Amino acid sequence: MAHEIVSESADLKRCHLSSWGDDCSGLVDEMTVNRFLNPMAEKFPEMSFLNPNELVAGNIIENATRESQQPNPALQSGCLRANACRNIWWEPGKVKAAIVCCGGLCPGLNSIIRGVTKCLAQEY
C-alpha cells in the first residue's frame, strides 16, 4: 500500500497496528485501514472527530522563554495531530485494554490512567 509523505516531520516510523511489523516510514492511510465505527460517533453525534491526515503546521508556541519550548526546525513543516477518529482499527466488541506502568514515571500519570479507564469503561 503506497503512503504519501505529506511532511518530512511526519516521515517517522509508522505507528499504527496495520503496520506493526513493517520497517517503513511515512503516514498510514488510516481512512483505508480503520474499518470500524468509533462507538463515540454514535453516542456523541455532535463530537468533532479528527481527519486522520491532519497536521499541525509549524511551531505553535510563540516567544517561548524556556529552551525546551523553542521552535524545533525538524517540526517546521508540521507534525501529525492527535485526537479521536470517527473510524478505528480495532473492533470495539473484541478489544481488551491494559495499562502497564511501574510507578513514579511522571506527575499526573494516575489521573491519565483514571481518565482512560473511565472512558474505556463508560464509552466503549
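Which residue forms a salt bridge with lysine 94, and how far apart are the closest N and O atoms? The legends below, written for a predicted model, take up this pair first and then turn to other sites.

**View 1. The salt bridge between glutamate 91 and lysine 94.** The partner of lysine 94 is glutamate 91, and the closest N and O atoms of the pair are 3.6 Å apart, a separation that falls within the 4 Å allowed for a salt bridge. A search of the whole structure finds one salt bridge. Glutamate 91 counts as partly exposed because its relative accessibility is 34%, whereas lysine 94, with a relative accessibility of 66%, counts as exposed.

**View 2. The overall fold of the protein chain.** Three helices and four strands are found in the protein chain, and, when read along the sequence, these elements follow the pattern α-β-α-β-β-β-α. Of the 124 residues in the protein chain, 22% are buried, and the chain exposes about 9300 Å², of which carbon and sulfur atoms supply 55%. Among the contacts with a separation of 6 or more, 60% are accounted for by residues 24 or more positions apart.

**View 3. A nonpolar surface patch that includes tryptophan 20.** Leu17, Trp20, Trp90 and Val95 together make a nonpolar surface patch of about 460 Å². One of these residues, tryptophan 20, is placed in the segment before α1, the helix that spans 30-33. With a relative accessibility of 69%, tryptophan 20 counts as exposed, because the exposed class begins over 50% relative accessible area.

**View 4. Asparagine 34 and its surroundings.** Asparagine 34 sits in the loop between α1 and β1, the strand at 36-37, and counts as buried because its relative accessibility is 7%. When neighbours within four places in sequence are left aside, asparagine 34 is in contact with His16, Asn87, Ile88 and Trp89. For one of these residues, asparagine 87, the backbone oxygen lies 3.4 Å from a polar atom of the side chain of asparagine 34.

**View 5. Glutamine 70 in the loop between β2 and β3.** The loop that holds glutamine 70 runs between β2 (55-56) and β3 (79-80). At 34% relative accessibility, glutamine 70 counts as partly exposed, and, leaving aside its neighbours within four places in sequence, glutamine 70 is in contact with Ala64 and Thr65.

**View 6. Leucine 80 in strand β3 and its approach to leucine 55.** Leucine 80 belongs to strand β3, and its C-alpha atom is separated by 4.6 Å from that of leucine 55, although the two residues are 25 residues apart along the chain. Leucine 80 is partly exposed, with a relative accessible area of 43%, because this value lies between the buried limit of 20% and the exposed limit of 50%.

**View 7. Cysteine 85 and cysteine 119.** The structure holds zero disulfides, and the view therefore presents the two residues by their accessibility, with cysteine 85 buried at a relative accessible area of 12%. Cysteine 119, by contrast, is partly exposed, with a relative accessible area of 29%.

Terms used: Residues are numbered from 1 along each chain as its sequence is written. This is a predicted model: local features need pLDDT of at least 70, side-chain atom pairs count only at pLDDT 80 or more; totals for chains, interfaces and linings use all residues. Side-chain values use heavy atoms; hydrogens and water are left out. Patches are made of residues with over 30% relative accessible area and no salt bridge: like charges are joined within 9 Å, nonpolar side chains (Val, Leu, Ile, Met, Phe, Trp, Tyr) within 5 Å. Accessible areas come from the Shrake-Rupley method with a 1.4 Å probe; for residues, only the protein chains shown count as cover. A salt bridge is a side-chain nitrogen of Lys or Arg within 4 Å of a carboxyl oxygen of Asp or Glu. Helices (H or I, at least four residues) and strands (E, at least two) are DSSP runs, numbered from the N terminus. Buried means under 20% relative accessible area, exposed over 50%, partly exposed in between (1.4 Å probe, protein chains only). Contact means heavy atoms within 4.5 Å. A polar contact is a pair of N or O atoms within 3.5 Å; within protein, one must be able to donate a hydrogen and the other to accept it, and residues adjacent in sequence count only if both atoms are side-chain atoms. A disulfide is a pair of cysteine sulfur atoms within 2.5 Å.
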